[in-house]
Structure formats: structure tokens, C-alpha cells
Amino acid sequence: MAAAGSAIGLGNIWKFPYIAGENGGGAFLIVYLICVLLFGMPLIMTEFLIGKRSGRSAYGAFRELNGNNRWQWLSWLCILTSLLIMGFYFVVTGWCFNYLAEAFINVFNGLDMQALTDHFGQVTSNMPRMLLFSFIPVLLTAAVLWFDVNKGIERLSKVLMPLLLVIMFIMAGRVLTLDGSKTGLQFFFHTDFSKITPRVIIEAMGQCFFSLSIGMGTLVTYGSYMPKTQKITSSSLQIVILDTLVAILAGVIIFPAVFAFGFNPAEGPQLVFVVLPAIFEQMGWAWFFSVLFFTLLCIAALTSTISLMEMSVAFLCDATAETKHPLNRRKSVIIISAIVMVLVIFCLWSATGFTIFDKATACVMMPLGALGMSLFVGWRLTKKEPKIITEKDKGIKNWLWKVYVFLVRFIIPGAIVIIFLNSLEVL
Ligand code: PHE
């Protein structure tokens, strides 16, 4: 459940619709789904396997399993990716907290699309306000890790995340009755193969890794906390299905509304923040639904930021454990939060910085991390211990294990390299 909480977040509800909108809707969706099928489950399994087998954070896992430092570069790539993601992710989480506060006092009442667009610009360029609203989630996340109330949060999200799904279904129902919503569905579900360009492919791959939290060691960290009896196959499958369901549902809500309101689907990062309040205005009980929805969105974002920060904190504890100055959990929380606040300030101050953090992590660093991890498991770990998963994870069928090994040895690394080469120009 914790890993599903990590996966389901702003990546699904904020990022997926805006990236899909910028990359042609249906053309993007099909490539995205292929990426999820090809990369999703095997790469989640790969990270869980590394974490579960080593019992270490992303810092110590490769060293522990390999017996030397040769794969240590992967650890550094992971922590760097985690920090950069937090830099811009907390900014967007800040937008969500701001919108929650505003939904509460009914700010969106009566605003049309143009007014909502202007409103987003005003809000996000208001530096003191954004500092406040981005630091609130940083502090909340730090507090969860500080008091170690992770379990409580996850138990809570077991109830709240299904509720998020229910609300999204209700919203989809309302949106689909709007005039002109069919065009939106067509935009999202109709695949025009001529629109599949190298850019669409690399963005879809990046979005797949980002949305599933793959390629930067978060799932290695969570894997290291797994009880030995837990099956990594069924957990991985559940995460993939839930995460993809939420993303598609977000598309089914946003695009019909975009077209019904005569808005542009390629509006960029502001897309859902303009369209969602407009949807609530069209629904009965607007205040109730918007407050509830933004509350759940903030919680979905927090379960992701918790996993991001947990990864970095575990990393720092692990990395300093054998030095003269070992850092305990709480000291690590302070240090990581301080670094994150600096990165958040940078992303608030520089829109280019924000975009670079966003694109570089999803489209370059996470695929590289995933490439490294699949090579590590495919060519190193499974050669050293060919029975590793069948011993430790009773219940995986032999044939499935063979398919898995084949995928991480050849298909996944091959596909990532080909996609990279194919999109050199875009990168
Ligand atoms: N998967 C999260 C989301 O969709 C973001 C995330 C990426 C979380 C990487 C942890 C690690 O919002």
C-alpha cells in the first residue's frame, strides 16, 4: 500500500493530463500504455528485488549485493534524482495546498476559464505565498518521517485513496454529460499513428517511470522494508494496475472538460489547475466536491513526497553509518529538508529550473537509473544467484521468472537504449 501511495500522486492527476495534452492525446496514450506493459511490472519487481534481497537503502544495496563499489554510481544517480524531483514536486504540491485553501473559502465561485487562467498566473507568481504553501508540505512530510507515523498515514490512505477513485468516477460522470465532451474523449482515445514522434515516445517513457516511481531507488528502499513472506509479483501488478487506472481516469475527466469549455489541451503545467475548478463550478455541491477533491489530491501528493524523502533519509543514514559521524534518522530528516527547501526556492524563482528538473528527471535520469538496475539484476545478480526469486519469493511460477529474466537482460535495456538513440535530437 505504501508503494502504491508512492506511485499514485501528482504524476497521475497533474502531470499525466498535461503531458498527454502536449503530445497529441491518443498518440501519447497508446505509447504510454505500451511502456507501462513493457517496463512497469518488471522494473518495479527489479527494484523490490534489489531492496528485499539486500535489506539496504539505495545507497548500500548495490554494494551489498555486488560485494564491491562497481555499481555505486547507480546509488548516486538515485539520490540526485530524488532530490531534483522533490525540488519541483513540492512546488506543485504547494499549488495543490493553495488551491485547497482557496476551495475552502470559495474563491473559484463564478470564475470563467479566462479568469481561472489569470488566477493561476497570479497565484503562482506570488513568491511569499508560494514559499508558504510549498514549505507546508515539506514540513508535513518531514514531520511524518520524524515521528515515524508512516504506518498511520498508510492505513489512512487505504481508506482515502479508494475515496479519491470514487470521487473521480463521479466527476467523470458529470463531465461526460457536458456538451462537446465527445471531442475530448476522441482526442484522448483516438490514436493517430502519424502523431507518434520520437518526442512523444521519450515523454511517454519518462511519464511511465515518473508515475510508477521507477528508476530512482524509492522502491528499492520500500523493498528493503518488505517482510520476507511478501510476494513481489502480486504487489507489483497491483501497483501498475491502480496507478494506470488513476491516470486514465484523470484523462477521462480533464480532456472532455477541456473541449467542452473551449480550452487548449496543450496548455502545459497549469492545465488541471484551470480545468478542475471549472469542472467543480459545473457540478452540484461545488464547494463540497472541490474541498474534498483537493484534500484527497494533497494527501495523494503527500504519500508520494513521503516516499521521496524517505528514500533520501534512508540513503543518508546508510551512507554515514560506517563513518565517524553517523547520522541518525532525525538528523537526516533535518538535513534533507534543508536541501529540499533550497531546491524548492530555486524552482520557485526560476521557471526554467522547474522545467529542467521536471524533464531531466523523468526523461533522462529515471530511464538511466532503470537501465542500470535492469542490467545489474539481469547480468550480475541473476548470474550470481540464479534461483534468487524462486527461493525468496515462493509462488512465482518458473516460466514467469524466465520471462522476467529475459526482459531485464535484453528487452528492457534494449528498448531504453533504442528510445534514447531515437530521441537524441529531442534531448
Ligand atoms: N510517482 C509519483 C507520482 O506519480 C512521483 C514519484 C516519483 C514519487 C518518484 C516517488 C518517486 O506522483
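**Ligand surroundings and two buried helix residues**

In this predicted model, an oxygen atom of the ligand is placed 2.8 Å from a polar backbone atom of Ala7. The protein buries 100% of the 320 Å² that the ligand exposes when it is taken alone. Two further polar contacts involve nitrogen rather than oxygen on the ligand side: a nitrogen atom of the ligand lies 2.8 Å from a backbone N or O atom of Phe210, and a nitrogen atom of the ligand is 3.0 Å from a polar backbone atom of Ser211. The ligand sits in the largest cavity, and the elements that contribute two or more residues to the shell around it are α1 (2–7), α2 (10–22), α5 (72–104), α10 (198–211) and α14 (286–320). The shell consists of 17 residues, of which Ala7, Gly11, Tyr89, Phe210 and Ser211 come nearest to the ligand.

Tyr89, one of these nearest residues, belongs to helix α5. Its relative accessibility is 4%, and Tyr89 therefore counts as buried, the cut-off for that class being under 20%. The side chain of Tyr89 reaches the backbone nitrogen of Leu10 at a distance of 2.9 Å. When neighbours within four places in sequence are left aside, Tyr89 is in contact with Gly9, Leu10, Gly11, Phe210, Ala301, Ser304, Thr305 and Leu308. Among these contacts of Tyr89 are Gly11 and Phe210, which are also listed among the residues that come nearest to the ligand. Leu276 is 187 residues away from Tyr89 along the chain, and the C-alpha atoms of the two residues are separated by 19 Å.

A second residue, Thr117, was examined in the same manner. Thr117 lies in helix α6, which comprises residues 113–124. With a relative accessibility of 17%, Thr117 also counts as buried, because this value falls under the 20% cut-off. The side chain of Thr117 reaches the backbone oxygen of Met113 at 2.7 Å, and the range given for helix α6 begins at residue 113. Apart from neighbours within four places in sequence, the residues in contact with Thr117 are Phe263, Gln270 and Val274.

Conventions. Residues are numbered from 1 along each chain as its sequence is written. This is a predicted model: local features need pLDDT of at least 70, side-chain atom pairs count only at pLDDT 80 or more; totals for chains, interfaces and linings use all residues. Side-chain values use heavy atoms; hydrogens and water are left out. Helices (H or I, at least four residues) and strands (E, at least two) are DSSP runs, numbered from the N terminus. Buried means under 20% relative accessible area, exposed over 50%, partly exposed in between (1.4 Å probe, protein chains only). A polar contact is a pair of N or O atoms within 3.5 Å; within protein, one must be able to donate a hydrogen and the other to accept it, and residues adjacent in sequence count only if both atoms are side-chain atoms. Contact means heavy atoms within 4.5 Å. A residue is near a molecule or strand if one of its heavy atoms lies within 4 Å of it. Accessible areas come from the Shrake-Rupley method with a 1.4 Å probe; for residues, only the protein chains shown count as cover. On a 1 Å grid over the protein atoms alone, a cavity is a set of points where a 1.4 Å probe fits but cannot get out, and a pocket is an open set with protein on both sides within 12 Å along at least five of seven lines; lining residues have an atom within 4 Å of a point. A molecule sits in a cavity or pocket if more than half of its atoms lie within 2 Å of its grid points.
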